[in-house]
Amino acid sequence: MSTDFSIRPVGIPAPVQIVTTSNSAANDAVQTDLPVRQTVAASDTGAPASNDLQSNANISRQVVFDQAAASMVFQVVNEKTDAVVNQFPDEAILRRRAYFHALDLKSEPSRPLNTDLSA
């Protein structure tokens with residue numbers, strides 16, 4: 001068994017075909033070994049992409065108080081379908097909070113009402 005850990009090149013490096021494209025971003029990208037028909041060109045930086053929910057006219061924002069979880073819930077709702085698009089905190093967190101809130105209410109000792117009005 002050899003104790004030599006040096007890395008040595010094996011064989012001759014293969015020549016790489018350089019493909020020219022019309023997009024300057026694609027020309028500056030790292031060269032690949034894919035044929036031209038399988039490559040993907042970089043998108044045009046002149047057209048900005050947007051995932052902004054505010055541009056969608058069919059949404060509304062609402063705040064709801066969840067009594068079981070004893071917390072505020074912020075929701076983005078589609079007005080056409082009344083479906084919740086996004087919510088904070090999510091359902092799993094609300095269920096966990098509701099569970100622990102119910103445990104807290106159960107563990108509190110019930111206090112007798114003070115009916116003594118002389119004080």
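So, where is A70 found? Hold that thought for a second, because I should say up front that we're looking at a predicted model. Okay, A70: you'll find this residue in the loop between strand 1 and strand 2.

Let's start with those two strands. Strand 1 covers residues 59-66 and strand 2 covers residues 71-78. They run antiparallel, and eight bridges join them. If you want one spot to look at, take Q62, which stands opposite Q75 in strand 2.

Now back to the turn. The hairpin of strand 1 and strand 2 has four residues between the strands. A70 is the one to click on there, with a phi near 55°. That's a positive value, and A70 isn't a glycine. How accessible is A70, then? Its relative accessible area is 39%, so we call A70 partly exposed.

Next hairpin along. Strand 2 also pairs with strand 3, again antiparallel, and here four bridges do the joining. Across this pairing, F74 stands opposite F88 in strand 3. Between strand 2 and strand 3 there are five residues, and in this hairpin D82 takes a positive phi near 55°. D82 isn't a glycine either. You'll see D82 in the loop between strand 2 and strand 3. Is D82 buried or exposed? Exposed, because its relative accessible area comes to 61% and the cut-off is over 50%.

Let's stay with F88 for a bit, since this residue turns up in several places. F88 sits in strand 3. Leaving out residues up to four places away in sequence, F88 touches M72, V73 and F74. Then there's Q75, the residue we met opposite Q62. Along the sequence, F88 and Q75 are 13 residues apart, but in space their C-alpha atoms are 6.5 Å apart. And F88 is exposed, because it has 58% relative accessibility, against a cut-off of over 50%.

What makes up the nonpolar surface patch of about 530 Å²? V63, F65, M72, F74 and, yes, F88. Strand 1 and strand 2 are the elements that give two or more residues to this patch. F65, for example, has its place in strand 1. With 47% relative accessibility, F65 counts as partly exposed.

Now move one step along from F88 and look at the backbone. Which kind of peptide bond joins F88 and P89? A cis one, with omega at about -10°. P89 itself is in the loop between strand 3, which is 84-88, and helix 2, which is 91-107.

Last stop: the aromatic rings. How many aromatic pairs does a search of the whole structure find? One. That pair is Y99 and F100, with ring centres 5.4 Å apart. Their planes are at 65°, so this is an edge-to-face pair. As for accessibility, Y99 is exposed with a relative accessible area of 52%, while F100 counts as partly exposed at 45%.

To wrap up, here's what I'd look for on the screen. Find the two hairpins, with A70 in the loop between strand 1 and strand 2 and D82 in the loop between strand 2 and strand 3. Then pick out F88, which is part of the nonpolar patch and is joined to P89 by that cis peptide bond. Finish on the edge-to-face pair, Y99 and F100. That's the tour, thanks!

How values were computed. Residues numbered from 1 in each chain as written. Predicted model: local features only at pLDDT ≥ 70, side-chain atom pairs only at ≥ 80, totals over all residues. Heavy atoms only, no water. Pairing = 2+ DSSP bridges. Buried < 20%, exposed > 50% of the residue type's maximum accessible area, 1.4 Å probe, protein only. Patch = residues over 30% accessible without salt bridge, like charges linked within 9 Å, V, L, I, M, F, W, Y side chains within 5 Å. Areas by Shrake-Rupley, 256 points an atom, 1.4 Å probe, with all protein chains shown as cover. Salt bridge = Lys/Arg side-chain N within 4 Å of Asp/Glu carboxyl O. Contact = heavy atoms within 4.5 Å. Phe/Tyr/Trp six-rings, centres within 6.5 Å; stacked < 30°, edge-to-face > 60°.
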